[in-house]
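The exercises below concern a two-chain structure and are meant to be worked with the coordinates open. Each task is followed by a solution in steps.

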2 protein chains.
Amino acid sequence: MSNAYNRPDQLSPELRRRVLETARRLGYPGPDPVARSLRTRKAGAVGLLLTENLSYAFRDPAAIGFLEGLALACEDAGTGLLLVPANPEREDVAAVHRAGVDGFVVYSVPDDDPHLAAVLERPVPTVVCDQPDLGNVDRVGIDDHAAMNSLAKHLISLGHRRIGVVCMRLARDRNDGYVSLERQRSAHFHVQRARLAGIAEAFGEVGVDWAAVPVVERFDHTIASGASAAAQVLDRDPQITALICTSDILALGALSEARKRGLNVPHDLTVTGFDGIREAEQAGLTTVRQPVLEKGRAAGKLLLDSAERTRPRSVTLTTELVVGATAASPRGVVEERWFGP
Amino acid sequence: MSNAYNRPDQLSPELRRRVLETARRLGYPGPDPVARSLRTRKAGAVGLLLTENLSYAFRDPAAIGFLEGLALACEDAGTGLLLVPANPEREDVAAVHRAGVDGFVVYSVPDDDPHLAAVLERPVPTVVCDQPDLGNVDRVGIDDHAAMNSLAKHLISLGHRRIGVVCMRLARDRNDGYVSLERQRSAHFHVQRARLAGIAEAFGEVGVDWAAVPVVERFDHTIASGASAAAQVLDRDPQITALICTSDILALGALSEARKRGLNVPHDLTVTGFDGIREAEQAGLTTVRQPVLEKGRAAGKLLLDSAERTRPRSVTLTTELVVGATAASPRGVVEERWFGP
DNA sequence: AATTGGTTCTGAACCGTTACGGTCACTTCA
DNA sequence: TGAAGTGACCGTAACGGTTCAGAACCAATT
């Protein structure tokens with residue numbers, strides 16, 4: 001009898017002892033968690049859906065921070081955290097259907113991701129992160145447009161007018177190279193789209209022709225990708241005075257490429273990132289810091305007490321411009337660099 | 001009918017279409033994963049039990065590496081990974097009972113941990129990591145004794161005879177300070193016990209009185225802990241020529257404490273770590289590298305095809321002594337250091 | 001002695017799925 | 001034409017708990 005295990009007060013100590021005793025003698029391993037979940041309609045876990053391969057989440061510092069925050073919230077609530085094995089390469093959403101969870105957190109997936117669609121069809125509460133507001137589910141994120149816009153304005157005030165941009169993947173297909181305006185506009189990764197738009201708006205206001213600004217995309221989010229993308233931009237237009245990267249990881253790669261070319265950062269080239277990861281801080285990167293841990297925690301909290309609410313909530317966290325040592329005014333005489341190293 | 005969803009070949013396309021159509025019309029959200037799990041006796045997930053608070057796993061680079069490897073293995077098998085919220089402070093093992101999983105991976109918990117006991121009572125396959133061989137369950141780990149022994153011998157060959165040791169927590173109770181021989185022997189964390197024994201054996205062989213070697217323990221595994229522990233050892237015995245730390249994190253703290261005291265590493269003081277995390281490599285730390293990612297992956301693989309085996313397996317991975325820049329022969333004239341900074 | 005109140009204990013219904021075996025219509029072959 | 005074979009379809013019984021209604025029991029009150 002399940003009362004013996006779960007409601008010791010509902011029966012006499014004597015009977016409880018006897019029940020437990022015979023249970024042990026018969027080798028009964030205790031109540032089956034799955035059957036319990038079926039009956040109580042509670043799985044005791046929340047599912048996490050990621051853009052990338054599961055293992056990637058443990059390689060990206062920003063994702064790790066998010067996970068830590070989410071784990072913190074789950075821990076507080078005594079809830080488990082299920083990492084759903086959703087391989088973005090395959091369209092197989094079975095893993096989403098198989099997940100026995102009380103709710104989902106969806107972290108930074110493209111807005112046309114079939115896994116996201118599968119999650120939204122499940123009759124459980126959902127929180128999306130770094131996604132556009134879907135209207136009917138909770139959301140947590142930052143104002144990517146505004147944050148990047150203010151970083152761009154900072155560079156503009158330093159005097160930069162000729163820039164290049166390195167961004168993360170914009171859609172599910174691999175496009176390691178230049179990005180057309182059309183592709184920018186239709187990007188399926190909300191975060192990247194917003195950040196690019198933020199830059200475009202700021203520079204547009206001071207008369208820069210956005211269509212002429214080289215924007216290079218990389219599918220893989222690694223330091224090596226950042227380096228090769230920076231190389232591609234610098235090869236195309238050696239006269240740029242600033243390279244804006246949409247993540248710190250990419251920016252770190254850009255820094256190493258600049259170093260390799262003998263460019264003095266920030267005097268020959270300004271490099272900026274986004275996220276505010278620890279490695280960026282150590283490198284003195286000018287960037288935007290976003291509260292990744294807090295984001296994870298907010299997502300968890302939002303999900304875990306979504307029962308009380310009926311209207312979906314949207315939480316926007318604040319960001320902070322970090323003025324580091326990798327941004328400065330461009331050299332007064334641009335031509336100087338024609339004779340550079 | 002579940003066949004419509006799961007076995008399209010078992011029925012005609014026409015019927016399937018009709019079934020799905022009415023299902024949609026009735027707002028049927030698809031087969032319930034929990035009920036399915038109950039019926040098929042498959043949860044489609046493995047549980048991970050950690051020593052620490054869940055969130056800690058995302059702060060320790062070695063743990064992150066392990067997680068990445070484990071996630072990789074799960075991903076390959078299309079299995080989910082459930083992080084079980086087992087708070088080590090409380091004795092509440094309910095979370096273990098509640099976890100709907102097909103097996104458990106237990107990562108580096110004390111051998112008297114009640115959560116571990118609860119896992120072993122569950123009738124599912126289990127893999128323990130960094131634990132002594134339990135005989136009846138799979139195990140994956142390294143030879144901590146031998147690895148630390150060879151590091152110690154390296155220091156001995158450099159000429160060190162007077163040393164201090166900084167180690168991680170040895171049991172569930174907090175003991176931030178010196179460690180008695182008795183506490184060393186009865187340590188509940190197998191890994192730490194083995195590493196200490198490895199050092200003791202090596203130095204014992206060259207006539208060092210182990211009982212006189214200051215061993216300082218820290219409960220929290222942080223760089224700050226490493227620094228304060230190093231300070232404690234150096235205050236007690238400023239004449240030591242080497243400080244052996246049982247983890248890289250602690251060693252990084254020891255390095256910063258040495259720097260703070262104006263000690264030249266390695267000439268005034270040799271500092272060593274254990275794990276081989278990236279930060280250690282950047283710092284040029286002399287340490288032992290263990291394949292953390294491979295460890296996680298091995299654990300996952302072991303668990304996921306444990307069905308085929310009947311005998312428990314024990315996998316021991318190899319380690320590698322990393323000779324960095326933080327270890328050197330002690331200054332020929334020890335007294336010199338009396339006049340040091 | 002009968003009614004009432006309260007507690008402890010028992011049994012049955014239900015959660016939603018899948019596995020399994022049986023029914024039925026329809027084809028094939030003697 | 002009838003027997004046997006084939007395949008699609010459907011009904012039902014678990015899976016292992018939790019919950020809840022009500023039976024059984026005991027003590028106290030009328």
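Two strands count as paired if DSSP finds at least two bridges between them. The model is predicted, and each solution below refers to that model.

**Exercise 1. Pairing around strand 6**

Task: determine how strand 6 of chain B pairs with strand 9 of chain B, and how many bridges join them.

Solution.
Step 1. The count between strand 6 and strand 9 of chain B is 4 bridges. The cut-off is at least two bridges, so a count of this kind is what decides pairing.
Step 2. The two strands run parallel.
Step 3. One bridge can be checked by residue: B:Ile163 has B:Ala242 of strand 9 of chain B as its partner.
Step 4. Strand 6 (residues 163–167) of chain B also pairs with strand 8 (residues 215–217) of chain B, in the parallel sense and over 3 bridges. Here B:Cys167 is bridged to B:Glu217 of strand 8.

**Exercise 2. The sheet and the helices on it**

Task: give the strand order of the open sheet in chain B, and name its edge strands.

Solution.
Step 1. The sheet has 5 strands in the order 7-8-6-9-10, and its pairing is mixed.
Step 2. Strand 7 (177–178) and strand 10 (270–272) of chain B each pair on one side only, and they are the edge strands.
Step 3. Helix 9 of chain B packs on the sheet and touches strand 6, strand 8 and strand 9 (242–245) of chain B. The direction of helix 9 makes about 170° with that of strand 6 of chain B.
Step 4. Helix 11 (residues 248–260) of chain B also packs on the sheet, touching strand 6, strand 9 and strand 10 of chain B. Its direction makes about 160° with that of strand 10 of chain B.

**Exercise 3. Burial**

Task: decide whether strand 6 of chain B is buried or exposed, and do the same for B:Ala117.

Solution.
Step 1. A residue is buried if 20 or more other C-beta atoms lie within 10 Å of its own, and exposed if 12 or fewer do.
Step 2. In strand 6 of chain B, 5 of the 5 residues are buried, so the strand is largely enclosed by the rest of the structure.
Step 3. Both faces of strand 6 are covered: B:Ile163, B:Val165 and B:Cys167 lie on one side, and B:Gly164 and B:Val166 on the other.
Step 4. B:Ala117 belongs to helix 6 (residues 114–121) of chain B. With 12 other C-beta atoms within 10 Å, B:Ala117 is exposed.

**Exercise 4. Two helix pairs**

Task: describe the packing of helix 7 on helix 9 in chain B, and that of helix 4 on helix 13 in chain A.

Solution.
Step 1. Two packed helices are described by the angle between their axes and the distance between the axes.
Step 2. The axes of helix 7 (residues 144–158) and helix 9 (residues 190–205) of chain B come within 7 Å and cross at roughly 35°. The crossing is right-handed. By class, this contact has 10 nonpolar, 3 polar and 4 charged residues.
Step 3. Helix 4 (residues 61–77) and helix 13 (residues 292–304) of chain A pack at about 35°, with axes 6 Å apart. This crossing is right-handed. The contact has 12 nonpolar, 4 polar and 5 charged residues.

**Exercise 5. The relation between the chains**

Task: find which rotation superposes chain B on chain A, and describe the contact of the two chains.

Solution.
Step 1. A rotation of 180° with 0.1 Å of shift along its axis superposes chain B on chain A, with RMSD 0.1 Å. The two copies are therefore related as by a two-fold rotation axis.
Step 2. The C-alpha of chain B nearest the axis belongs to B:Leu82, at 2.1 Å.
Step 3. The same surface serves both copies, since 100% of the contact residues of chain B recur in chain A.
Step 4. Chain B gives 39 residues to the contact and chain A gives 39 residues. Helix 4 of chain B supplies the largest share of its chain's side, 7 residues. The residues of that side divide into 22 nonpolar, 11 polar and 6 charged.
Step 5. Strand 2 (residues 80–83) of chain A and strand 2 of chain B run antiparallel and are joined by 3 bridges. A:Leu81 has B:Leu83 as its bridge partner.

Definitions and conventions: Residues are numbered from 1 along each chain as its sequence is written. Chains are lettered from A and ligands numbered from 1 in the order in which they are written. This is a predicted model: local features need pLDDT of at least 70, side-chain atom pairs count only at pLDDT 80 or more; totals for chains, interfaces and linings use all residues. Axes are lines fitted to C-alpha atoms, for helices over the stretch in contact, and angles run from 0 to 180 degrees between N-to-C directions. A crossing is left-handed if the near helix is turned anticlockwise from the far one by less than a right angle, and right-handed if clockwise. Ala, Val, Leu, Ile, Met, Phe, Trp, Tyr, Cys and Pro count as nonpolar, Asp, Glu, Lys and Arg as charged, and the others, Gly among them, as polar. Two residues are in contact if their C-beta atoms, placed from the backbone, lie within 7 Å. Copies are superposed by least squares on the C-alpha atoms of residues with pLDDT of at least 70 in both.
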